[in-house]
Amino acid sequence: MTTHRAGFVSLIGRPNAGKSTLLNRLVGEKLSIVSSRPQTTRNRITGIKNLPGAQIVFIDTPGLQATGGKLGEFMRKTAERAIEDVDLVCLVVDAAADPMPDAATLAVLAAHRGPAFCVLNKVDRLEPKSRLLPVIEAWRVARAFGEILPVSALDGTSCDRLLDLIVGILPVHPPYFPEDAMTDQPETFYVAEVIREQIFQLTRQEVPYAAAVRVEELTERERPPCLLIRASIFVEQDSQRGILIGRGGTMLKRVGSAARRELERFFGIKVFLALTVGVRRNWRKDERALREFGFLLTS
Ligand SMILES: Nc1nc2c(ncn2[C@@H]2O[C@H](COP(=O)(O)OP(=O)(O)OP(=O)(O)O)[C@@H](O)[C@H]2O)c(=O)[nH]1
Ligand SMILES: [Mg+2]
């Protein structure tokens, strides 16, 4: 008789609530990219946490309330589908900046019949802590949550407690993935996301939103051990291409070396990264381009 527990847990919530930061914190590895700006995450990102006797498969999602265009539609569908067929939904709320229940979020949650937790994130920013009380009360009356738990994904406050509570409601089930797996995404996807994260960090306004990254080559060499990576960045306009390359190529170099450092840390070997920038007009509205850049709905 086995008592191993396993299940799927999706993290949903408004843009910028800290879903990706929380996924990284709970899994213990930086798998999902983070930025201070909303609508950073575009795809469904999985992160697998193995514990003694339990495996939790977390699903990070784009923020509810995405923008327009085909990409926005893809992001909205991705978030909504992530609550289908999961064992638990964790609604992540920015308890400091954007704490109160809203109709759109509640409508998405209403489509989910299984258990849901309300995770009040960013409590490190809340002073005095008594500001939490009306927030907890508001979510308590808005919906029947299995738990309402204040946490900080940034400093880790109550994140172990959250893991315990999650394991407590998972069904008895063998592991879905091998114990050394951290995600089910291909490496090329992760590499593209790391590059995109640096574009979010280093460029402003529309540029990060207009950027897509496609990895063209990822080759592992044995002597000396290294990874050769070639990737193309696509933006929507010539002016954005100019900004991304920068004067004398300085911006692209900054993006490239920051991404390379992060990739070397993650893969634990030397990385050679070559980046080019192309223009693909209005790709966010173009169904074919979206498919080409890997925005595919998984059923
Ligand atoms: N102070 C504080 N900041 C946090 C916490 N969690 C996340 N953040 C910050 O909030 C910002 C957004 O974090 P993300 O994890 O990218 O948020 P997200 O919900 O994934 O956002 P989208 O992917 O755009 O929907 C980043 O600047 C994080 O550093 C927290 O617990 N405390
Ligand atoms: Mg995110």
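## Around ligand 1

Let's start with the neighbours: of the 23 residues around ligand 1, those that come nearest are K19, T21, Q39, T40 and D124 (a residue is near if one of its heavy atoms lies within 4 Å of the molecule). Helix 1 gives the most to this shell, with 3 residues; helices are DSSP runs of H or I with at least four residues, strands are E runs of at least two, and both are numbered from the N terminus.

A note on the model: it is predicted, local features need pLDDT of at least 70, side-chain atom pairs count only at pLDDT 80 or more, and totals for chains, interfaces and linings use all residues. Residues are numbered from 1 along each chain as written, chains are lettered from A and ligands numbered from 1 in written order, and side-chain values use heavy atoms, leaving out hydrogens and water.

## Contacts and cover

Which side chain has an N or O atom 2.9 Å from an oxygen atom of ligand 1? That is S20. In S152, a side-chain N or O atom is 3.2 Å from a ligand 1 oxygen, while S35 places a backbone N or O atom 3.4 Å from one. The protein buries 93% of the 650 Å² that ligand 1 exposes when taken alone (Shrake-Rupley method, 1.4 Å probe).

## The magnesium ion

S20 turns up again here: S20 (OG) and T41 (OG1) are the protein donors of the magnesium ion (ligand 2), 2.0 to 2.1 Å from it. Donors are N, O and S atoms within 2.8 Å of the metal (3.2 Å for Na, K and Ca); water is not among the atoms, so sites may look incomplete.

S20 belongs to helix 1 (residues 19–27) and T41 to the loop between helix 1 and strand 2 (45–51), so the pair ties together parts 21 residues apart in sequence. Both S20 and T41 are buried (under 20% relative accessible area, with exposed over 50% and partly exposed in between; 1.4 Å probe, protein chains only).

Methods:
A polar contact is a pair of N or O atoms within 3.5 Å; within protein, one must be able to donate a hydrogen and the other to accept it, and residues adjacent in sequence count only if both atoms are side-chain atoms.
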